[in-house]
Amino acid sequence: MNLIKKAAEDISKAKMGIALTGAGISTESGIPDFRSKDGLWSRYDINEYGHIDSFKKNPAKVWMMLREMISLMNAEPNPAHYALAELEKMGYINAVITQNVDNLHQEAGSKNVIEFHGNFKRVVCTRCGKKKGVDKIDMENLPPMCECGGILKPDGIFFGEAIPRNAYLKSVALATKCDLMLVIGTSASVYPASQLPYLAKGSLTKPKGIVIEINKETTDITGIVSDYIIEGKAGEILPKIVEEIKSITS
Ligand code: APR
């Protein structure tokens, strides 16, 4: 059977579907991912720029990369984000757990979005904890500072930092409970988000869930955790799935 049709049938039969998304869902909005050929980590050394210790050691240097990343995030949602929002509205997707910090799911209309790695559209003061919109700060002189004199940091996490507690607990609960997970545009290689498809898949104490990958290439979980992969661009595949669901349920 055609995999778009199969996914549409699986999604329409699921009692509790959720999605786990990664940077690949936003590449069609013009935001590069991390590990593809032209991804962020091909241009910036992940150890020098991606770890909280590097930020603490040289915040101005890391903010140079962050400023570029944040300016690229001035992008519009693409058809993949809108399709997921529509699946939620139609009652097929209960929540989107995203590793992305670009806010595009929310901008596309998804309501139940779990920010697993935080959100870079906000900053937080490393001294007083005050948060504000990134659009409210001056990025001319780096690192940007809070009125209290503390250094501002994006309200998301670096390697070496814990996943925001509520986001972690909610995601684990959802992945454990769901009977279908769409894993979209993620290499599924970064712990602990990479474990969520395993939870969805099932265990001795949980009935088997269906795990469907949508990715332009295979990943570490393809054929191991995922039941099948629909290879291609998320922005082309997801709208087709929505149309197919509409045609089988009308
Ligand atoms: N459609 C579908 N898949 C795509 C598309 C697209 N248009 N473009 C890219 N992809 C896929 C790539 O094939 C790759 O498997 O998206 C995936 C992106 O993987 P990564 O770059 O590793 O991004 P992600 O999985 O989100 O990374 C996880 O790593 O550095 C950290 O904190 C960062 O949240 C990020 C985490």
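How do the residues of the shell around the ligand divide into nonpolar, polar and charged? The shell holds 6 nonpolar, 11 polar and 6 charged residues. The model is predicted. This briefing covers the ligand site, an open sheet of 3 strands in the order β5-β4-β6, and the three residues Met90, Asp155 and Lys57.

**Ligand site**

- There are 23 residues around the ligand, and those that come nearest are Glu28, Arg35, Thr186, Ser187 and Asn215.
- Thr186 has a polar side-chain atom 2.7 Å from an oxygen atom of the ligand.
- In the side chain of Ser187, an N or O atom is 2.6 Å from an oxygen atom of the ligand.
- Trp41 also places a polar side-chain atom by the ligand, 2.8 Å from an oxygen atom.
- The ligand taken alone exposes 730 Å², and the protein buries 95% of that area.

**The open sheet**

- The strands follow the order β5-β4-β6, and their pairing is antiparallel.
- Why does one side of β5 and of β6 lack a neighbour in the sheet? β5 (131-133) and β6 (152-156) stand at the edges and each has a single partner strand, so one side of each is left free of a neighbour in the sheet.
- On average, with direction ignored, neighbouring strands of this sheet are turned by 45° against each other.
- In a regular strand, side chains alternate between the two faces of the sheet.

**Strand β4 and its partners**

- Strand β4 covers residues 118-125, and 6 of its 8 residues are buried, so β4 is largely enclosed by the rest of the structure.
- β4 pairs with β6 in the antiparallel sense over 5 bridges.
- Among the residue pairs of these two strands, Gly118 has Gly156 of β6 as its bridge partner, and Val124 stands opposite Lys153 in β6.
- With β5, β4 pairs in the antiparallel sense over 3 bridges.
- Val124 has Lys131 as its bridge partner in β5, and on the β6 side Val124 stands opposite Lys153.
- The hairpin of β4 and β5 has 5 residues between the strands, and in this hairpin Gly129 takes a positive phi near 85°.

**Asp155**

- Asp155 is located in strand β6.
- Is Asp155 buried or exposed? With a relative accessible area of 12%, under the 20% cut-off, Asp155 is buried.
- The side chains of Asp155 and Lys131 make a polar contact at 3.0 Å.
- Lys131 is also the β5 bridge partner of Val124.

**Met90**

- Met90 is placed in the loop between α6 (79-89) and β2 (93-98).
- Its relative accessibility is 27%, so Met90 counts as partly exposed.
- Met90 and Ile245 are 155 residues apart along the chain, and their C-alpha atoms are separated by 9.8 Å.

**Lys57**

- Lys57 belongs to helix α4, which covers residues 52-57.
- Lys57 has a relative accessible area of 75% and is therefore exposed, the cut-off being over 50%.
- Between the C-alpha atoms of Lys57 and Lys130 the separation is 21 Å, and the two residues are 73 residues apart along the chain.

Conventions. Residues numbered from 1 in each chain as written. Predicted model: local features only at pLDDT ≥ 70, side-chain atom pairs only at ≥ 80, totals over all residues. Heavy atoms only, no water. Near = heavy atom within 4 Å. Polar contact = N/O pair within 3.5 Å; in protein donor to acceptor, adjacent residues only side chain to side chain. Areas by Shrake-Rupley, 256 points an atom, 1.4 Å probe, with all protein chains shown as cover. Nonpolar A, V, L, I, M, F, W, Y, C, P; charged D, E, K, R; others polar. Pairing = 2+ DSSP bridges. Helix = DSSP H or I, 4+ residues; strand = E, 2+ residues; numbered from the N terminus. Axes fitted to C-alpha atoms, helices over the stretch in contact; angles between N-to-C directions. Buried < 20%, exposed > 50% of the residue type's maximum accessible area, 1.4 Å probe, protein only.
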